Amino acid sequence: MKNIAVIGAGTMGNGIAHTFAQKGFKVQLIDISQQSLDKGLATITKNLDRMIAKEKISEADKEATLANISTYTNIKEGVEYADLVVEAATENVDLKLKIFRELSEACSEDTILASNTSSISITQIAAVTNRPEMVIGMHFMNPVPIMKLVEIIRGYNTSDEVTNTIMEMSKTLGKVPVEVNDYPGFVANRILMPMINESIETLYNGVAGVSEIDTVMKLGMAHPMGPLQLADFIGLDVCLSILNVMYEGFKNPKYAPCPLLVNMVMAGKLGVKSGEGFYDYSENRKAENVSKQFL
């Protein structure tokens, strides 16, 4: 495999494009918005500059990585020569199904179709294509260039050959692939999101404050960041979406999102991306100042 198409130039998409390009793959980064593509390339450039400052790569490495990335606003043009397509669009099932229907028609018959979904059924996504055996999940972790884990999710019809190919490819990226089966939330979010939701419930019920909850988990459980800080980093809208997928998938009330989370998302308090969530990021992007509503 040499040509990799990545759909979506947001946080996950530009991180995936960066990772493949840095390893020498030709990457076609696709987004409906040229502004999003420009912003994605700017983020990749900034992250490469940060790696240069830390002496992890050279200026030549940066230039080679950027040269491996081309941008497109048209899916059909962007995937024309792709050996693998990695979809990293918004975590919305209708949008993903629409994209995969289009990919099914636009891609050559031997192109593998992967989704970076963090919770949506790969089997459901595969069912709208003409090649369900060639559809697989590649759930990268954020920030993609740094985090080692990739959850490889087999749909009901995903072939052994495709699974093995993607497992091996993930290793060439310097990642550690872990194969999991196709159930709501997979492994990472099936465990993580209930913890985050319970942390929000703990705040909602007045057991402790934002920084107190995070401090307990950081110092008591050796977590690198507290669950409320992590929720802000992921995006509260994304957390809500994943919890809703699991709640609908299992019909189990333990996955029902906390009313506080629902209200914050409706109010546009989405975390780092909106400038405020459980913490206020108006002065810096570090979780140092608790949002006024929780003081």
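Student: Leaving aside its neighbours within four places in sequence, which residues is Lys23 in contact with?

Tutor: Good place to start, and keep in mind that this is a predicted model. Lys23 sits in the loop between H1 and strand S2 (26-30). Once neighbours within four places in sequence are set aside, the contacts of Lys23 are Thr172, Leu173 and Gly174.

Student: Is Lys23 buried, partly exposed or exposed?

Tutor: Buried would need a value under 20%, and exposed a value over 50%. The relative accessibility of Lys23 is 47%, so Lys23 counts as partly exposed.

Student: How far apart in space are Lys23 and Pro184, C-alpha to C-alpha?

Tutor: Along the sequence, 161 residues separate Lys23 and Pro184. In space, going from C-alpha to C-alpha, the distance between Lys23 and Pro184 is 31 Å.

Student: How many helices and strands does the chain have?

Tutor: You can find some of them by their residue ranges: helix H1 covers residues 11-22 and strand S6 covers residues 135-140. Helix H8 covers residues 188-204. For the chain, the count is 12 helices and 10 strands.

Student: What is the radius of gyration of the chain, and why does it agree with a compact globule?

Tutor: A compact globule with 295 residues would have a radius of gyration near 19 Å, so that is the value to compare with. The C-alpha trace spans about 55 × 45 × 30 Å along its principal axes. The chain agrees with the globule value because its radius of gyration is 19 Å.

Student: What share of the contacts with a separation of 6 or more is between residues 24 or more positions apart?

Tutor: Lys23 gives a small example, with Thr172 among its contacts. For the chain, counting contacts with a separation of 6 or more, the share from residues 24 or more positions apart is 64%.

Student: How many aromatic pairs are there, and what kind is the pair of Phe20 and Phe140?

Tutor: The count comes to 4 aromatic pairs. For Phe20 and Phe140, the ring centres are 6.5 Å apart and the planes meet at 70°. An angle over 60 degrees is the cut-off here, so the pair is edge-to-face.

Student: Which elements do Phe20 and Phe140 belong to, and how many residues apart are they?

Tutor: Phe20 is in helix H1 and Phe140 is in strand S6. The pair links distant parts of the chain, with a separation of 120 residues.

Student: Are Phe20 and Phe140 buried or exposed?

Tutor: Phe20 has a relative accessible area of 0%. For Phe140 the relative accessibility is 2%. Buried means under 20%, so Phe20 and Phe140 both count as buried.

Student: Which residues do ring pairs link into a cluster?

Tutor: You have already met two members, Phe20 and Phe140, as a pair. The cluster linked by ring pairs consists of Phe20, Phe25 and Phe140.

Student: Which residues does Asn68 touch, not counting residues up to four places away in sequence?

Tutor: Asn68 is placed in the loop between helix H3 (59-67) and strand S3 (69-72). With a relative accessible area of 12%, Asn68 is buried. Beyond four places in sequence, Asn68 touches Ala21, Gly24, Phe25, Lys26 and Val27.

Student: Which residues does Met195 touch, not counting residues up to four places away in sequence?

Tutor: Met195 is in helix H8. Its relative accessibility is 24%, so Met195 counts as partly exposed. With residues up to four places away left out, Met195 touches Met217, His223 and Pro227.

Student: Which two residues does a cis peptide bond join?

Tutor: Most peptide bonds are trans. Here, omega is about 0° for a bond leading to Pro143, a residue in the loop between S6 and strand S7 (149-154). The two residues joined by this cis bond are Asn142 and Pro143.

Student: What is the phi of Phe186, and what is the phi of Ala222?

Tutor: Most residues other than glycine have a negative phi. Phe186 is buried at 4% relative accessible area, while Ala222 counts as exposed at 65%. Neither is a glycine, yet phi is positive: about 55° for Phe186 and about 60° for Ala222.

Key:
Residues numbered from 1 in each chain as written. Predicted model: local features only at pLDDT ≥ 70, side-chain atom pairs only at ≥ 80, totals over all residues. Heavy atoms only, no water. Helix = DSSP H or I, 4+ residues; strand = E, 2+ residues; numbered from the N terminus. Rg over C-alpha atoms; globule rule 2.2 N^0.38 Å. Contact = heavy atoms within 4.5 Å. Phe/Tyr/Trp six-rings, centres within 6.5 Å; stacked < 30°, edge-to-face > 60°. Buried < 20%, exposed > 50% of the residue type's maximum accessible area, 1.4 Å probe, protein only.
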